[in-house]
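Q: I'm new to this structure and would like a close look at a single part of it. Could you walk me through the largest cavity and what surrounds it?

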Amino acid sequence: MIQPEKIVIIGAGFAGLRLAQELINHPNYEVWLIDKQNYHQFQPLMYQVATARLEPASISFPLRKVFQKAKNVRIRITKVSEINFNDQFVNTPIGDFNYDHLVLSIGCTTNYFGNKSIKKFAYPMKTIPEAIQLRNRILQTFEDALNTTNPDKLQALLNFVIVGGGATGVELAGALAEMKHNILPKDYPDKDFSKLTIYLLEGSPHTLSPMSQGSQKMSQLYLEELGVNVKTNTFVSDYDGSVVTLNSGEIINSKNVIWAAGVTGNIIKGFPEQCITRGNRLIVNRHNQVEGLKQVYALGDIAYMSTPHYEHGHPQVAGVALQQAEVLAKNLSKLSEGKPLKDFEYKDKGSMATIGKRKAVVDLPKFSFQGRLAWFTWMFIHLMLILSIKNKLLIFMNWMISYFNNDSTLRIIMKPAATKVKVKTKTE
């Protein structure tokens, strides 16, 4: 009997999870999936966790549940410290894992462009814990506003500055604006929140710059209709926790800055410098094999593949990650059978963003549309991408309740436990 080859996948994001799913019960491969968390998180709906529209569990899926029926998939929850490419193993705090094939699906992290003060004081939103932290901060701000009488300090509390006019920033701005209009007057009848101001800052001339001109124009119009102060061609020079300084010299007093302005790749120790290009992405060929390394592949946001249609790499979106994972799974099967491999070619199925109730924009390969139909399309597509039927139902129910009464019941501030329990280590 032929011994199955061992594939180690680092990262259970869209690409890593899909690749492992495609290889379930494959006779020629044993799959080891390594991630720091024991769940997969659905990042496109992270902003709804941050604005108390969805519970974290609604967009999180336990990895062991996903692979309960997989006989050849093993899961380990740990951080990868270093990779030894010569001896083909990955080093982790719980031990070393050797591999025959290594797949990097480690995604990206928030890019502060080297500004340490912004990194220290601004709120990111790339993970479930960060979304919960932001939700706590938003809800606590409303509580603090009740007890703040100084006009200047109150306005600094009520100024929410979102940096980055991509899909995340646009959707978050729209959700906060709807919270201001629909929820705060009911939750806080004894407080006037009319001075709550939402700023959306974007460095390019338009919001949603990768999308069509129609979607760019309508997204900004929808935001302005909701009362969002949109500033394009605007960069943040600095933020000290109280004052946002813009490239124009203008300042905004704010205690709440949310950073959605860019990403940079997560790089693990051990990679040769020639493998890494701008944005900390790994250079790969058309088979997603990392340049200069044998049996090592990169997928999704971390992979930089130059093709005739995408000379400067593919967009860092879920669609690319999923398609690359599917093609790599097929190529690994071809490899085990000695068949020629297939080149990856991205099929762009479109992009979309929602700005608020009945306000969304959708770009398909041949046409785009906005408004109510786009909003229902956005909801349908996102529901279909959710992994489990239970989570689909939970999200759909929350959306329908919110649709009819413009409210939610998830505004809970989850503070850390008062008592910290010390866990004894083996060396103690």
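A: Sure, let's start with the space itself: the largest cavity has a volume of about 370 Å³. Keep in mind that this is a predicted model. Searching the whole structure for cavities of 30 Å³ or more turns up just 1.

Now for the walls. The lining is made up of 26 residues, and those nearest the centre of the largest cavity are Arg53, Glu178, Lys357, Trp375 and Ser402. Several elements give two or more residues to this lining: the helices α2 (46-50), α7 (167-182), α11 (372-385) and α12 (389-405), along with the strand β23 (351-356). The top contributor is α7, which supplies 6 residues. As for chemistry, the lining is a mix, with 11 nonpolar residues, 10 polar ones and 5 charged ones.

Trp375 is a good one to follow further. There are 15 aromatic pairs in the structure, and Trp375 forms one with Tyr403: the ring centres are 5.5 Å apart and the planes sit at 25°, so this pair counts as stacked, the cut-off being under 30 degrees. Trp375 belongs to helix α11 and Tyr403 to helix α12, so the pair ties together parts that are 28 residues apart in sequence. Both of those helices are among the elements that help line the largest cavity.

While you're looking at α11, find Phe380, which is also in that helix. Together with Ile381, Met384 and Leu385, Phe380 makes a nonpolar surface patch of about 380 Å². So much for the tour; α11 gives residues to the cavity lining and holds Phe380 of the patch too.

Definitions and conventions:
Residues numbered from 1 in each chain as written. Predicted model: local features only at pLDDT ≥ 70, side-chain atom pairs only at ≥ 80, totals over all residues. Heavy atoms only, no water. 1 Å grid on protein atoms, 1.4 Å probe; cavity = no way out; pocket = protein on both sides within 12 Å on 5 of 7 lines; lining within 4 Å. Points joined across faces, edges and corners; volume = space filled by probe spheres on them. Helix = DSSP H or I, 4+ residues; strand = E, 2+ residues; numbered from the N terminus. Nonpolar A, V, L, I, M, F, W, Y, C, P; charged D, E, K, R; others polar. Patch = residues over 30% accessible without salt bridge, like charges linked within 9 Å, V, L, I, M, F, W, Y side chains within 5 Å. Areas by Shrake-Rupley, 256 points an atom, 1.4 Å probe, with all protein chains shown as cover. Salt bridge = Lys/Arg side-chain N within 4 Å of Asp/Glu carboxyl O. Phe/Tyr/Trp six-rings, centres within 6.5 Å; stacked < 30°, edge-to-face > 60°.
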